[in-house]
Structure formats: structure tokens, C-alpha cells
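Please open the model in your viewer, with the backbone drawn as a cartoon and side chains ready to be switched on. The tour goes from one selection to the next and says what is to be found at each stop.

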Amino acid sequence: MLKLDAEVKKCLKCGKDNTFLTQADICEYGVWIARNKRADRFSRVQLIDNPVFDEFTELISQVCSELNIADYREYTHDLFQIACDPVDGNSVSFRDVARVCRYCGSEDFACGLSKPLYTVEVDTFDVSYDSWNSKTTEEKKQLVFNALTTIQDRNIST
Ligand SMILES: [Zn+2]
């Protein structure tokens, strides 16, 4: 089990309360929180002494310098999911869940909380790297390259 903060926020369109689990509030050095697609299971991923993370960081810094991207670190958080095996058939994500009202689809919420922040316990899973580890360095680098160019295209078009 993992403890996360739950925020209850009122939708400004339909007035209903939505509960959001905040991963960002877990500030633990060298740890990122991964979630499954439904955002109902989470994982603490240790980055320190993690050979997969070290290799991933090395490759992304190489690819970034080849693409003339100044700072690879702004992409590591978004892209480390490509080294992780899927969970429940979908990629894991290190991003916070998009805040969309589950009743009306609006993205506008009141600034304040409808009730005080509270702690919830959520189910966990273990992140594995079997697929990544089965690839050659060249294949891994290609994977990083593809992910990076995809995310860059998206940034340019929006
Ligand atoms: Zn709503």
C-alpha cells in the first residue's frame, strides 16, 4: 500500500465534487511515483542505484545532444515510462492525472478544496523492465529517439 493525498475540488461547471489523488506531493529524493492508466494503482520507483534509470539517463542525454536539445533533464520524467513494462496492458505514467470532471468533462475547478486534504491508501504494483532489458543498446537508443521526437513534435504543434 502507498499513501497519497486526496484533494476534493468542486467543478465550476456542474458543481459536483471530484477527488484527485496527488502524486506530486510525495517529495522523496530519488523516488518517482508511477501509475497505471486508470490511476488506481501506483508504484514507488527508486532511481538511485537503479541501473535501468542510469542507462536511460545516459541514452537520453546522448540523444538530446545529437538533437541539439539543451537540457535532457526536462524530458526524463515524461519519458522514463518507455523503459518500464506495461501494467494491465498499458504504459505506466509518471505524470499527474489530468484534472477533468468525471461528471461533465470540464477542466475548470474551484481554487480551494471542498474539504481538507486527506490521506488515502492505494494499491501498488512493481515496475519491471524486462522488455527494456531484452533490447540492445542501439534498440534502446532508437526507442529514446522516437519518444523524444514525438514529444517534441507535440510541443511544437501546440
Ligand atoms: Zn463537472
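Begin by selecting K3 and E121, bearing in mind that this is a predicted model: E121, in strand β5, is the bridge partner of K3. Widen the selection to strand β1 (residues 2–10) together with β5, and you will have a pair that runs in the antiparallel sense over six bridges.

Next, keep β5 (115–124) on screen and add strand β4 (residues 41–46), which pairs with β5 in the parallel sense over two bridges. To find one place where these strands meet, select R41 and D123, since D123 is the bridge partner of R41 in β5. While β5 is still highlighted, look at its surroundings: the strand is hardly covered, and the count of buried residues among its ten residues is zero.

Now move to helix α1 (residues 51–66) and place a distance between its end C-alpha atoms, which are 23 Å apart; this agrees with the 22 Å that its 16 residues should span at 1.5 Å a residue. Show the side chains of F56, L59, I60, V63 and C64, which are the buried residues to look for in α1. If you turn the view so that you look down the axis of α1, these buried residues fall within an arc of 135 degrees, so they line one face of the helix. Such a pattern fits the geometry of an α-helix, which has 3.6 residues a turn, so that residues three or four places apart point the same way. Then rotate to the face of α1 that is turned away from its buried side, where you will find the exposed residues P51, D54 and S65.

Follow the chain just past α1 and select N68, in the loop between α1 and α2 (73–79). Although N68 is not a glycine, it has a positive phi of about 60 degrees. Is N68 buried or exposed? With 6 C-beta neighbours inside 10 Å, where 12 or fewer is the cut-off, N68 counts as exposed.

As a last stop, select D88, which lies in the loop between α2 and β5. Here too the backbone deserves a look, because D88 is a residue other than glycine with a positive phi, near 55 degrees. D88 has 11 C-beta neighbours inside 10 Å and therefore counts as exposed.

Definitions and conventions
Residues are numbered from 1 along each chain as its sequence is written. This is a predicted model: local features need pLDDT of at least 70, side-chain atom pairs count only at pLDDT 80 or more; totals for chains, interfaces and linings use all residues. Helices (H or I, at least four residues) and strands (E, at least two) are DSSP runs, numbered from the N terminus. The expected span of a helix is 1.5 Å times one less than its number of residues. A residue is buried if 20 or more other C-beta atoms lie within 10 Å of its own, exposed if 12 or fewer, and partly exposed in between; C-beta atoms are placed from the backbone. The arc is that of the directions from the helix axis to the C-beta atoms. Two strands pair if DSSP finds at least two bridges between them.
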